[in-house]
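Me: I'd like to go through the labels used for a model and see what stands behind each one. Could you take them with me in turn?

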Amino acid sequence: MTIRKPSADRTDRNGGRRQALLFATLALPFLIGVYALVLGYWARPQTSGRQLRLDEFLSVVAKNRVGSATILAGDDRVIGSYDGGNRYWVDISGGHETLFARVTGALEQAGVPTAVRSQPLKALVQPVSMLLPMLILADVMVVLALVAKGGGQLGGFGRAGARQVGEGEPTLTFADLAGADEAVEELAEIRDYLADPTRFAAMGAAVPKGVLLSGPPGCGKTRLARAVAGESAVPFFSISGSDFVEMYVGVGAARIRDLFATAKAAAPAIVFIDEIDAVGRSRSTSAAGGNDEREATLNQLLVEMDGFGAESGVVVMAATNRPDILDAALLRPGRFDRRITLDPPDLRGREAILAIHVGHKPLAADVDLAAIARQTAGFTGADLANVVNEAALLATRRQAAVIATADLGEAVERVVAGPQRRSRILSPADKRRVAVHEAGHAVVAASQPGAGRVAKISVVARGHGQGSTMSMPEGDRILATRDELHDRIAVLLGGRAAEELVLGQPSTGSNDDLARATGLARRIVTECGMSERLGPLAFVSNGEETAHRWSDATAAKIDDETHRIVRDAFERATSVLLANRAVLAALTDELIRTETLEGEALASLLGNIVPPADARLWEELAAQAQLAAAAS
Ligand code: ADP
């Protein structure tokens, strides 16, 4: 394994490129000069004086007027002096043996001293004058390529430029990663496979070839991939998607080919492609008719991924923070069919990450990592690593022996003040609002039979939203009844209802929920034919209008019905929350404290939900109970 420190390696390579560029540029005038010399001087016959036609020459020879003669073998000319010192030359090129024999015969007969100059270098004129233009052209291309790439790679167009992380960098294991337990669990299988690919192949087990890690920057995607390599002790080849976006068509594809060839030769191995969205962006959505180079690279990647089987021992891991824009072809079975999401860590995760990064650094006895974790809601793993590092720097500057709580506190402030971080950190007020909002979803969901079981709620940002509430449907469901659809809308509106109820006014935090609730309500009316006023008619099917043309009056009714469904659901959500204020408050407090709630803790809090205090619903429920009793 080669040991390559990225920074040193890069400067090395840049220095090499600069030298190559300098050399190639200086070579250019030199080559052109040589070419001019060859054409202008070397190739031209070395003759002077008057040209004599052959017959003139033979006649002056016969008249003994020629003083000397030299035959230039390379130039095919005869030169010399005649009439007492005048220079002459005769062209005998294209001549046959007989012509030559005649000339030498005549000279001999006249007793003219004759010499032959063999001119061996002249034989080289032709090949050299053909070779030089090619050399010049090649040099020009090299210079252009180097300039275009900012000192790109000389003679390394097809080279992958992949970094193999080796013994020089510490081997990471899953223990070096905290707050990502689910992801680690999912990757355990990959680790086992890489540790012994033949065993899996013998079993005929299909192992995922590609794992897509998605999540915001700094959440540990690279670290996780490296940990898998470390755990299974296989080489790790990493490259960034943006490296592939070169200006020359074919370069990216060649790099991919090279990368996979290297990885296969070193198998079992991990190929890690960072920022895969740079090459894997959906082909249809790319702007301005697409980028041929990127497409060629993407196609090559797909070809490579299809081209190796379970026995090859190569696993491709890719990271992106924009999984939504990836080309669907990448996500097909046999490619990146396993997807793992890494989110910013919750309270427990943050504490564990801090503990990892504190590692062997000397800490003051009173430092409470849990307290620091509480202050850093919204921080990613990279932010936390940064906090520890800053704190160590501050302690060093103070010339203290240990890192004190104050150092960590100040480090947090510094990291928060960093430009990109500000949007990520959750202020206490926002955190409370997100907690109320998510608790609202959860309480409404728990009270609605059709909403499924609430599995996990969290105030940690995920994707676009601020928090999240995850419900699990009971068993596999394909169909949804009308009541279940209404329940879902109520759950979607539970967050906003809670904000209004507890905090007095709504916020932009529910924009997404509103859009989804409205969309669902409209589909209930127009697509599912489930509104009483508009009967079982479908106005829309699969997103397209059906053949049925509707009048303006009907359009107004559609609007009314959509509005009514959403409003009813909102009222229902509000009444559920009113009836369960205590649970809502308890859930909110617990969420603020722990940030994530799931399993037993969540179930016991939600176990106290009472039915909604809505008179109409009570009546309905009672009527249903009577009907059921009568039927049995
Ligand atoms: P990404 O690839 O998602 O942008 P990285 O893997 O490069 O993030 O993480 C950057 C740094 O942040 C890591 O080197 C590590 O120090 C720290 N880090 C991120 N997530 C974690 C985690 N879950 N546990 C420990 N450290 C982490």
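Reply: Gladly! Let's start with burial: buried means under 20% relative accessible area, exposed over 50%, and partly exposed in between, with a 1.4 Å probe and protein chains only. This is a predicted model, where local features need pLDDT of at least 70 and side-chain atom pairs count only at pLDDT 80 or more, while totals for chains, interfaces and linings use all residues. Residues are numbered from 1 along each chain as its sequence is written, and side-chain values use heavy atoms, leaving out hydrogens and water.

Me: Why is C219 called buried?

Reply: C219 has a relative accessible area of 12%, and buried means under 20%, so C219 is buried.

Me: And what makes C528 partly exposed?

Reply: Its relative accessibility is 36%. Partly exposed is the class between buried and exposed, so C528 belongs there.

Me: How do you know that T222 makes a polar contact with the ligand?

Reply: A polar contact is a pair of N or O atoms within 3.5 Å; within protein, one must be able to donate a hydrogen and the other to accept it, and residues adjacent in sequence count only if both atoms are side-chain atoms. An N or O atom in the side chain of T222 is 2.5 Å from a ligand oxygen. A backbone N or O atom of G220 also qualifies, at 3.2 Å from a ligand oxygen.

Me: Why is the ligand said to lie between two domains?

Reply: Domain 3 (163–341) and domain 4 (347–417) both give residues to the shell around the ligand, so the ligand lies between them. The domain bounds come from an automatic or database domain assignment.
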